[in-house]
Amino acid sequence: MRRATITGWGKYLPPNVMTNKDLEKIVDTTDEWIQKRTGIKKRRIADEDTATSDLAIEASQEALEKANLDPEELDLIIVSTVTPDMAFPATACIVQDKIGASNAAAFDLEAGCSGFVYGLSVGAQFIESGLYDNVLVIGAETLSKITDWEDRNTCVLFGDGAGAAVLQATDKGGFLAFDLGSDGSGANALYMEAGGSAKPASLETVKNKQHYIRMEGNPVFKFAVKTMKRASLDVLEKAELTTDDINLLIPHQANTRIIKSARRRLKLDEDEVYVNLPELGNTSSASVAIAMAEAKENGKIKNGDNVLLVAFGAGLTWAAAAIEWNENI
Ligand code: UT7
């Protein structure tokens, strides 16, 4: 059976580090509160003149190198982001041009923090159908650009970065199953109010600070705890696996309490879950992509391992993927 598998992975993090101590100088918060309630110690922040595509390009070039693939061989580029360079054209088109992927179709996909896993599922369908052979899926964010640095409820959580994966065809292993879902009744728990057709940008929207992330932390927390477990179990069932078969869980990096709860509910050991949240904060749709690239770099994923990706985010959405890792096609 023709399946999609990941043959290349890459990440890019802007060099500028912002610590919890730095945040203490900006809003009424403490390093102790942030660490205790979220697990985050620091995050990366992009320069003023760095766009999301700049991070995406760096991560993509690393992933293409790992896959030993020329950019011209790419058939499709999908960028998942909630912080595109601009409303249109798609950030994926900017990446396509700058990396020299002259034969690739390109589009953006928006599913909040679940976007990268959604993107993998879309890319995998194109490969399984036989339409395309080489697909690049990117999760990239510059959340610092839409963060209200006066809002302590959100500004302590987010960071910038990008991760990328090259998908190619295999007849052994690869993506075994996906589980995707949404509950739009939770749309107002996590959103950016203005700048779209419902409320176009105006002097008023800028004055009212409606171009920033707004979040009801508690409902999102509860949704996350519930869906991380349910989506994980659903995707495992589709893949005909159990939690005992999992070698590594790579969850969306939003809050260590959410990750711990998922780990316990799935009865996994600490070393079976990849966590980089303390160093990077929540990078939305880049988070699973970066964590996966890091896990590969750190030798946490070997060929033949069963890897489970699971994410939740704005929408509200969720997404999970079960992979039998096979990078040698
Ligand atoms: O990728 C998806 C994006 N979002 C998430 O994953 C977020 C999910 N939610 C969460 O991670 C948690 O809900 C938060 C970390 C955002 C908040 O933690 P919490 O335990 O749910 O705290 P809370 O919102 O119930 O707030 C507790 C208290 C409040 O004070 P009062 O009302 O009890 O006096 C907040 O005002 O903590 C206060 N607080 C802070 N204090 C110091 C909120 N933010 C801060 C802060 N520093 N940065």
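A disulfide is taken here as a pair of cysteine sulfur atoms within 2.5 Å. By that yardstick, this predicted model comes up empty: the structure holds zero disulfides. Cys 155 shows how this plays out, because its sulfur sits 16 Å from the closest cysteine sulfur, the one in Cys 113, and that is too far for a bond. Burial is another matter. Cys 155 is buried, at a relative accessible area of 0%, while Cys 93 is partly exposed, at 32%.

Turning to the ligand, 21 residues are found around it, and the ones that come nearest are Thr 29, Arg 37, Asn 218, His 252 and Asn 255. His 252 turns up again in the polar contacts: an N or O atom of its side chain lies 2.8 Å from an oxygen atom of the ligand. The side chain of Asn 282 also places an N or O atom 2.8 Å from a ligand oxygen. For Arg 152, the corresponding distance between a side-chain N or O atom and an oxygen atom of the ligand is 3.0 Å. As for cover, the ligand on its own has 950 Å² of accessible area, and the protein covers 73% of that.

Then there is the matter of empty space. Rolling a probe the size of a water molecule over the atoms shows where such space is left. The second largest pocket holds about 160 Å³. Its lining is made up of Thr 256, Ile 259, Lys 260, Arg 263, Glu 270, Val 273 and Val 275. Sorted by character, the lining has three nonpolar residues, three charged ones and one polar one. Ile 259, Val 273 and Val 275 make up the nonpolar part, Lys 260, Arg 263 and Glu 270 the charged part, and Thr 256 is the polar residue.

Notes. Residues numbered from 1 in each chain as written. Predicted model: local features only at pLDDT ≥ 70, side-chain atom pairs only at ≥ 80, totals over all residues. Heavy atoms only, no water. 1 Å grid on protein atoms, 1.4 Å probe; cavity = no way out; pocket = protein on both sides within 12 Å on 5 of 7 lines; lining within 4 Å. Points joined across faces, edges and corners; volume = space filled by probe spheres on them. Buried < 20%, exposed > 50% of the residue type's maximum accessible area, 1.4 Å probe, protein only. Near = heavy atom within 4 Å. Polar contact = N/O pair within 3.5 Å; in protein donor to acceptor, adjacent residues only side chain to side chain. Areas by Shrake-Rupley, 256 points an atom, 1.4 Å probe, with all protein chains shown as cover.
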